[in-house]
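Please look over the sequence and the structure below. The report then takes up the surface, the salt bridges and the sheets.

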Amino acid sequence: IVLENCGLIDPENIQEYIARGGYVVLGDVLTNWTPQGVIDEVTKSGLRGRGGAGFPTGVKWKLVAGAPGDEKYMVCNADEGDPGAFMDRSVLEGDPHRVLEGMVIASYATGCHKGFIYVRAEYPLAIRRLEKAIQQAREHGFLGENLFESDFSFDIEIRVGAGAFVCGEETALIASIEGRRGMPRPRPPFPATSGIWGKPTNINNVETFANVVPIIRNGAEWFAGIGTEKSKGTKVFALAGNIHTTGLVEVPMGTTLREVVYDIGGGIPDGKKFKAAQTGGPSGGCIDADHLDVSLDYDSLAEIGSIMGSGGLIIMDEDSCMVDVARFFMGFCVDESCGKCPPCRLGTKEMHEILTRIVEGQGTLEDLDYLE
């Protein structure tokens, strides 16, 4: 669904996207649908945010649409910072117009007239292709004033992040777009009521926007028929680490970890045993071999203490030292802490030092209690 055009079309040629039905859905929405109708369809589909939290997309759109004020902003979060994750990058590089079309439809539904794509500086090819796609969409009348001869106008700007992992969090991302230092702030108020420059702001991840066009094209019931009861549709995972076949896989929600590792990824090289799969980036968790049959959906992963996250899936074999893994991710957290709050600024450093002591053979049993 999300990757249907990736690798099949030239992402730098809008005509190839149009030839595969591109922008037809947008034209249909702007001429035949009400904004509320679009929100209802997305709500019925059960689409949840693919950025990690899994918040229902239709609910978020409804909040923004209902927020008072004429000035509202639409943001695409493409600040994919988890180590080993490259889902958003591949969609932006392989099918940028799909994301743009999804953003315009979302903006029509919520009453936004200005959009931002916040993309990390480490993705130069994605940025170049996005710039080209935006330019081509403007030339063809898919962005700009009075789209499809309607009253609706919408345009998009790219904002390039400076490599701060914390800017993937929506309030830090907003601060960065405004030109301030990227630091999270407590919520409420939520961005839906007070986001960029205090105006209602809708923030969705790249993969979420890429699902919008197929949902409107094929209907909410079609999308809701894929996946599990509470997690609808498909999920793209970036399969990396100690596995035969690395790369992107798009599977229905609820597919088991065993199926992804053995049937799709080809298992662990050199006949070694599976030890763990790390999901959800540095704030996620490691799934051990006892849970190989866990269903890959939001609720099942939360039940065993992990999270779906944005879709990074790093596989480790019997030779991986889990203390080393913990130390690596904690080192990442130390480097990427924005330094705002003492528990994070000091606590991650302290935990990293304990893990380093253990890795170097200097650990004591008291260290484990302290770590807890």
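Which residues make a nonpolar surface patch of about 250 Å²? Phe-55, Val-59 and Leu-63 do. The model is a predicted one. Leu-63 belongs to helix 4, residues 57-66. Its relative accessibility is 46%, so Leu-63 counts as partly exposed. The limits for that class are 20% and 50%.

**Salt bridges**

The count of salt bridges comes to 20. Three of the pairs are set out here.

| Pair | Closest N to O distance |
|---|---|
| Glu-12 and Arg-129 | 3.1 Å |
| Lys-44 and Glu-41 | 3.8 Å |
| Arg-180 and Glu-178 | 2.6 Å |

Take Glu-12 and Arg-129, whose side chains meet in a salt bridge. The pair links distant parts of the chain, 117 residues apart. Glu-12 sits in the segment before helix 1 (14-19), while Arg-129 sits in helix 7 (residues 124-139). Are these two residues buried or exposed? Both Glu-12 and Arg-129 are buried.

Lys-44 and Glu-41 also form a salt bridge, but within one element, helix 3 (residues 35-45). They are three residues apart there, which means a separation of about one helical turn. Lys-44 has 52% relative accessibility and therefore counts as exposed. Glu-41 has 13%, so this residue counts as buried. A buried residue has under 20% relative accessible area, an exposed one over 50%.

Arg-180 pairs with Glu-178. At 53% relative accessibility, Arg-180 counts as exposed. Elsewhere, shared partners join salt bridges into one network, made up of Glu-12, Arg-128, Arg-129 and Lys-132.

**The open sheet**

Strands of a sheet pair through backbone hydrogen bonds, in parallel or antiparallel fashion. In what order do the five strands of the open sheet run? The order is 6-5-9-7-8, and the pairing is mixed. Strand 6 (247-252) and strand 8 (285-288) stand at the edges. Each has a single partner strand, so one side of each lacks a neighbour in the sheet. On average, neighbouring strands of this sheet are turned by 30° against each other, direction ignored.

Strand 7 covers residues 274-279 and runs antiparallel to strand 8. Four bridges join the two. Thr-279 has Gly-285 of strand 8 as its bridge partner.

Helix 5 (residues 87-94) lies across three strands of the sheet: strand 5 (234-241), strand 6 and strand 9 (312-317). Helix 5 runs at about 110° to strand 5.

**Strand 4 and its partner**

Strand 4 spans residues 201-205. Why is strand 4 described as largely enclosed by the rest of the structure? The reason is that five of its five residues are buried. Side chains of a regular strand alternate between the two faces of the sheet. In strand 4, both faces are covered. One side carries Thr-201, Ile-203 and Asn-205, all buried. The other carries Asn-202 and Asn-204, buried as well.

Strand 4 pairs with strand 1, residues 73-78. The pairing is parallel and extends over five bridges. Within this pairing, Cys-76 stands opposite Asn-204 of strand 4. Asn-204 is thus named twice: as a buried residue and as the residue opposite Cys-76.

Conventions. Residues numbered from 1 in each chain as written. Predicted model: local features only at pLDDT ≥ 70, side-chain atom pairs only at ≥ 80, totals over all residues. Heavy atoms only, no water. Pairing = 2+ DSSP bridges. Axes fitted to C-alpha atoms, helices over the stretch in contact; angles between N-to-C directions. Contact = heavy atoms within 4.5 Å. Patch = residues over 30% accessible without salt bridge, like charges linked within 9 Å, V, L, I, M, F, W, Y side chains within 5 Å. Areas by Shrake-Rupley, 256 points an atom, 1.4 Å probe, with all protein chains shown as cover. Salt bridge = Lys/Arg side-chain N within 4 Å of Asp/Glu carboxyl O. Buried < 20%, exposed > 50% of the residue type's maximum accessible area, 1.4 Å probe, protein only.
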